[in-house]
Every structure is written in structure tokens, then in C-alpha cells.
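Please look over the sequence and the model below before reading on. The paragraphs after them are meant to be read with the structure open.

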Amino acid sequence: SHILILLLIKFLDADILPLSLLKTYHKICNINSGNLFNGQEAIMDHTRVFIHGLESTSQGTKGLYFREHFPGMIIHDYEGPLEKRMAKLEKDLSGLSNLIIVGSSFGGLMGAIYGCTFPDKVNRLVLLAPALNLPEFRPFLSKPAAMPVFVYHGTSDDVVPPLEVKEICTKVFSNLSHHLVEDDHSLHLTFPEMNWNDLLSV
């Protein structure tokens with residue numbers, strides 16, 4: 001299996017790995033925990049996922065950062081209404097577990113909904129200015145989630161109200177680490193300084 005992993009890594013470095021092979025890569029990672037090769041990305045017993053915001057894409061600033069620093073992280077494009085996006089997300093993550101999901105803005109809403117719907121599959125949520133104030137999240141207010149949740153939200157966010165979202169997070173997530181930072185909606189100052197190696201490890 002080590003040879004197969006090394007072949008998959010070459011595909012990952014070239015950014016041409018098909019979805020079917022990407023899932024194979026993550027299943028192998030779940031089986032083979034520990035460091036199997038030297039480099040920034042070690043084979044761990046979890047799968048990392050990034051979900052972009054409403055108007056962004058997988059080629060946005062955050063997506064490009066994760067693709068560069070965390071090869072093998074699942075970073076796909078989502079478009080259309082929430083229902084369509086969630087259907088694609090569920091398909092993308094089908095068969096995977098031990099997920100660490102990072103969601104930005106609308107992607108934070110998607111990540112939170114996924115975590116509340118499939119709590120046994122999610123090890124951790126990292127939500128960046130998550131749009132949990134939207135009506136689509138109301139059905140999940142009565143479905144508390146116990147996985148560790150890390151929220152980062154700018155005090156100058158003029159898109160998603162930080163205090164309203166903090167109140168919602170406090171009600172839903174029992175294992176919450178909430179951070180109000182002096183930043184805007186995109187967290188352009190905070191994001192590059194966050195300790196992603198720790199946040200994306202369990």
C-alpha cells in the first residue's frame with residue numbers, strides 16, 4: 001500500500017487526481033495512520049475538507065492556500081442553491097469518515113449542517129465567519145453537536161453578524177472554541193496567521 005500511496009501523492013502534487021482516486025487515497029490514509037513519508041503532509045487517520053463561500057470557488061485565496069500547504073485536502077467547487085451544494089458535498093464525502101471540515105462563510109453553513117447531520121463522521125469543524133444566521137440553519141438549532149468546533153469571526157464583519165452567530169454557536173455546539181478577532185468578513189489578516197497545522201490535526 002505504501003507504493004500506491006506514493007503514486008497517489010504524485011497525482012496530488014500535479015493537482016490532477018480524479019475523485020475516485022482521491023477517495024482511495026483518503027481511505028488508505030484512514031487505515032495507515034502515522035507518518036509514512038517525509039514532507040508537510042503526513043498520512044493521518046483523518047480526512048481534511050475545505051468548503052468555500054457563496055461567491056468564491058476552490059481557486060479562491062483560502063482554497064489555494066490549503067491546496068499548497070495541505071496536499072490531499074478535499075477542495076471542490078460548489079454552486080447553485082444550498083440544496084444542490086449539500087447534495088454534492090454529501091456525494092463528495094460518501095464513504096469517508098474522521099473528517100476535519102473547514103468552512104468559510106456560506107461554506108461554514110454547509111460544514112455546520114453536514115456536521116449536525118452526520119456527527120459520527122466529523123471529528124472537527126473549523127468555521128470561518130459561518131453564515132449560521134441564515135434561515136436554512138434553523139432546523140439544526142435543536143440538534144446539538146458534540147464534536148470540537150473552532151469558530152473565527154471578525155468584529156468588523158459587515159456580511160455575517162458576528163454576535164448573532166456567536167449566540168447560535170453557543171446553543172448548538174457544546175464543545176466550542178469561539179474567537180472574535182479584529183478583522184473583516186474574509187479574515188484577510190487572521191487567516192494567514194492561524195495555526196493550521198494544529199487546527200487540521202486531531
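What follows goes from the sheet to the helices packed on it, then to the cores, one short helix and the salt bridges. Keep in mind that this is a predicted model.

Start with the strands. Strands of a sheet pair through backbone hydrogen bonds, either parallel or antiparallel. Here six strands form an open sheet, and their pairing is parallel. Reading across the sheet, the order is 2-1-3-4-5-6. Which strands are at the edges? They are strand 2 and strand 6 (residues 176-181), each of which pairs on one side only. Strand 6 runs parallel to strand 5, and six bridges join the two. To find this pairing in the model, look for Phe 150, whose bridge partner in strand 6 is Ser 177.

Two helices can now be placed against the sheet. Helix 5 packs on it and touches strand 1, strand 3 and strand 4. The direction of helix 5 makes about 145° with that of strand 3. Helix 6 also packs on the sheet, where it touches strand 5 and strand 6. Its direction makes about 170° with that of strand 6.

Next comes the interior. In soluble globular proteins, nonpolar side chains tend to be buried together. The largest nonpolar core of this model has 35 residues. Within it, the residues with the most contacts are Leu 93, Ile 101, Phe 137 and Phe 173. Several elements give two or more residues to this core, including strand 1, helix 4, strand 3 and helix 6. The largest share, seven residues, comes from helix 5 (106-117). Phe 173 is a useful residue to inspect: leaving aside neighbours within four places in sequence, its contacts include Ala 112, Cys 116, Leu 125, Phe 137 and Val 149. Another core, of 18 residues, lies apart from the largest one. Among its residues are Phe 50, Phe 150, Leu 187 and Leu 200.

Helix 3 (residues 61-69) shows how one helix can have a buried side. Its residues Lys 62, Gly 63 and Phe 66 are buried. Why do they count as being on the same side of helix 3? Because they cover an arc of only 100° around the axis, they lie on one side of the helix. The face turned away from that buried side carries the exposed residues Thr 61 and Glu 68. The cover over the buried residues includes strand 1 (47-51), strand 2 (74-75), strand 3 (99-104), strand 4 (122-128) and helix 7 (196-199).

After helix 3, the loop that leads to strand 2 holds Gly 72. Gly 72 has a relative accessibility of 8%, so it counts as buried. Its C-alpha atom is 9.1 Å from that of Val 49, although the two residues are 23 residues apart along the chain.

How many salt bridges does a search of the whole structure find? It finds two. One joins the side chains of Lys 88 and Asp 92, at 3.0 Å from N to O. Both residues lie in helix 4 (82-92), four residues apart, about one turn of the helix. Lys 88 is partly exposed, at 33% relative accessible area, whereas Asp 92 is buried, at 4%. The other salt bridge joins Lys 171 to Glu 167, with the closest N and O atoms 3.8 Å apart. These two are four residues apart in helix 6 (162-172), so about one helical turn separates them. Lys 171 counts as exposed at 57% relative accessibility, and Glu 167 as partly exposed at 48%.

How values were computed: Residues are numbered from 1 along each chain as its sequence is written. This is a predicted model: local features need pLDDT of at least 70, side-chain atom pairs count only at pLDDT 80 or more; totals for chains, interfaces and linings use all residues. Side-chain values use heavy atoms; hydrogens and water are left out. A salt bridge is a side-chain nitrogen of Lys or Arg within 4 Å of a carboxyl oxygen of Asp or Glu. Buried means under 20% relative accessible area, exposed over 50%, partly exposed in between (1.4 Å probe, protein chains only). The arc is that of the directions from the helix axis to the C-beta atoms. Contact means heavy atoms within 4.5 Å. A nonpolar core is a set of buried Ala, Val, Leu, Ile, Met, Phe, Trp, Tyr and Cys residues joined through side-chain atoms within 4.5 Å. Two strands pair if DSSP finds at least two bridges between them. Axes are lines fitted to C-alpha atoms, for helices over the stretch in contact, and angles run from 0 to 180 degrees between N-to-C directions.
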